[in-house]
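Grab a pencil and work through these exercises at your own pace. Try each task before you read its solution.

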Amino acid sequence: MGAEEFPSVPFNSNAMDNAEYTDTDLVFAVRKALASVQNGDTDDYSQLKTVMCLTEDADFDAVAQLETVLKSLSVSVAWIDLVHHKDLLEAMSLWYHSHRPSVMDALVDLIISLAATSGKYLDPCLNMLVRNFSQPTFKHKVSQTQLVKKMQEVHPRVHAALHKISYLIPLAPWNLVSILAQNMRKIDKKDPSIVTYVDNLLRLENSSIGEVVGSVILMMVMERMLDLDLVSGCDDSNGGMFDMELEDAVESTMNEGDEFPVGALKQNTSGGNVVSELLDKLMVLFFHHLESCQNSDRLDEVFEILFKSFENYILNTYKTKFSQFLMFYACSLDPENCGVRFASKLLDIYLSSNTCRLTRMSAVAYLASYLSRGKFLPASFVASMLKRLVDECAEYCGTCNDDVKPEAHQVFYSGCQAILYVLCFRMRSIVEIPRFQSQFRSLESILSHKLNPLLVCLPSVVSEFLKQAKAGGLFIVSESFIFDDLHESELSRAFGGFERLDTFFPFDPCLLKMSSSYISPNFNFWSMVKTTYGEDGDEELCDEVIVNGDADSAEEPDDDVELDSEMNTMSTTPKHSFMRETERLLKMPSRIRPSTSPPESFLI
Amino acid sequence: MEGLKLSEAELMIFIHPSQSRNVFQGICRELSSLLFQYNETFDGVLLAYDATVKSKQAKILTGLHPYFGVRVNTRLLLFDPKPKSFVEGKIAKISPESIHVIVLGFSAAVITDVDIREEFKYRVRDGEGSFVSRSHKRHALKLGTMLRLQVQSFDEEVMHIAGSLLPENTGCVKWLEKKSEEALPTDRDHKRRKLA
């Protein structure tokens, strides 16, 4: 049967009368048109192309004809040639979103057939589909609702097509991933269509394709978020300051759980602001994705991939401000499992002597900030982590016979600062745990060692720690440290190094508006922390007891403390637990206060 | 099924110094990066491997990065369907123009309508399409059928097989095996008659 026996079907919409030609006629005509290009006869083919290149406002007949031509092409994929029909293939990829659902379906079928038929079409077809992951652009303006509606029509079809292709060609996901990466690179940093693109990527990760290539997709997304993080407009000049003070200043104006003001961001260039907003949206998308992983019991495996990306991209990039909160949120969703694993892995990095020094310092800074800020972490767990840190530092002290030399013992000093920082947040709750009591003795030996970490660590941390240690009745260290409200000192700068790891507190409050509303419920703000010196700052409540101080200290009373004459005659056995008990009783509401006798009568 | 072969090879694998603490992991990593790709040296697609370190002595390369070369004895499972050989796979999609088959779970094979012999006719039954033999009504090719096909060509880059159902001994594997079993007693009868 030769093609000449069939009437030549004219493809232009005006002349074509659908009733005259059967589907089979059309199929053969299409095949003839495709084949004729190779002989140099391009008339039919040009007409075919005209049908394909319809405008958005084409009439109903033209659209119907397009649909039938597409269906004919689907069954004639063996006749399509990569070289001779290049422009036809290009026409297929340009206007996917601007047509009706039935046309979209016909086009999708064509793409699937084409991809499955021969290996050389796989990449172009995947590309045709993936291009629709970004936000569509239209020739005329469309409203937001129309845009959303269009995306809701297009994206599920694209996903379904990708799955069908992966089913027919099992190795397709690997090709898909490189195409996804290519298309992602083409999206500019400030282009808002990255949000739609990442949304689709995360949906793919959650699907059967994600079972094969999910880890690569997640790494791609985190890499892009890291890029945005580094470019975002947060001014880092505030970063040097110990953020406890920064928080107090800002949080006095807001209530707990409120959204954190983005005032810091607005000071900077508008370009940076745009990027921050984009990053904010991406983070929220990722949070939702983590929640859905949690619901489908996948959070464990996703956490492993997240941690690997964290180790590769974030851990050694000290300037990231927000990306680490992805880990924080994942941990908050599953504290017993992921929460514990994150801390343990960070601690392992710090303790492994094979790892590079900067990585270890960064890991312990992350650990300290995480243990302090993670509201979902129980005090017993924090105490056990601290115990291991204290043991490590004590061991180091034991083997080291050096004086204060910040540059030589950076890892040690960063470990000490981590311990002090966590205790600033958690001292009250940890001190109540009996098995940690002995650790305070080890800690005291570390602090009074020749290496003198109290002199080297960040002054604001040290002064806060000493204040709380004194108030908690733990111990007094002989030298008085006068810092004059300094945030940093020369020695701390020396141990922090060029990267300023001495002032690195990565989980300080997230400044992105939308993301922080997700983080805040699980976040320990400084204003919420119950310190040992009490909320009202009333130091007279806890009289000083010298517990483990040096012989000198008894002769050098601190100026602040009022020594009760009765107290002087007391024995020096540790009574701090008793003291706290009376403190507690004194603070009890009047209704259940046991007696009305003055507080002093409780003292023996 | 043809096209699968087990080879033994003595390889020299170069490991980056960062992996010197766990050399076996480094070896597995290198070999794993070759999986499901066509390798000219091995003359086939590597599907699986089994490696044992031959000698603990490794020579360090001079150069910018001091890679060291470890001698490894390996057994490799390779897939190399030559033209005119026969492979088997599961039918994933049937349409009047083509049959799509998945071979060994990773390789896609396509048989276009011109390569399906005249014996088979496309029929639609209960909304499902299938190819049914005109001469043997029981011989049907449906979704999920294990199909034996002849390889026409193998695209090594995408692991794509172009197949053909023209030869007589291609088609549904179950039916073909049953047919060859039934053929045996008649052979015996034929021999008896011959002797007699």
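**Exercise 1.** What percentage of the 196 residues of chain B count as buried?

*Solution.* Some ground rules to begin with: this is a predicted model, where local features need pLDDT of at least 70 and side-chain atom pairs count only at pLDDT 80 or more, while totals for chains, interfaces and linings use all residues. Residues are numbered from 1 along each chain as its sequence is written, chains are lettered from A and ligands numbered from 1 in the order in which they are written, and side-chain values use heavy atoms, with hydrogens and water left out.

Now the cut-offs: buried is under 20% relative accessible area, exposed is over 50%, and partly exposed is in between (1.4 Å probe, protein chains only). With that rule, 42% of the 196 residues of chain B come out as buried.

**Exercise 2.** Find G105(B) and decide: is G105(B) buried or exposed?

*Solution.* Step one: look in the loop of chain B between β7 (98-103) and β8 (107-112). Strands here are DSSP runs of E with at least two residues, and helices are runs of H or I with at least four, numbered from the N terminus. Step two: G105(B) has 53% relative accessibility, so it counts as exposed. Step three: look for G89(B), which is 16 residues away in sequence and 8.0 Å away from G105(B), C-alpha to C-alpha.

**Exercise 3.** Work out which strands stand at the edges of the sheet β9-β10-β11 of chain B.

*Solution.* Start with the order: this is an open sheet of three strands, β9-β10-β11, with antiparallel pairing. β9 (120-125) and β11 (140-141) each have a single partner strand, so they are the edges, and one side of each has no neighbour in the sheet. Next, check a pair (two strands pair if DSSP finds at least two bridges between them): β9(B) and β10(B), residues 128-133, are joined by six bridges. For a bridge to look up, F120(B) has S133(B) as its partner in β10(B).

**Exercise 4.** Describe the surroundings of H289(A) and S332(A) in chain A.

*Solution.* H289(A) sits in helix α13 (residues 270-295), and at 5% relative accessibility it counts as buried. Leaving out residues up to four places away in sequence, H289(A) has contacts (heavy atoms within 4.5 Å) with L202(A), E205(A), N206(A) and L218(A).

Move on to helix α15 (residues 324-333), where you'll find S332(A). This serine is buried too, at 11% relative accessibility. A polar atom of its side chain lies 2.7 Å from the backbone oxygen of Y329(A). Beyond four places in sequence, S332(A) touches F376(A) and N522(A).

Note on methods. A polar contact is a pair of N or O atoms within 3.5 Å; within protein, one must be able to donate a hydrogen and the other to accept it, and residues adjacent in sequence count only if both atoms are side-chain atoms.
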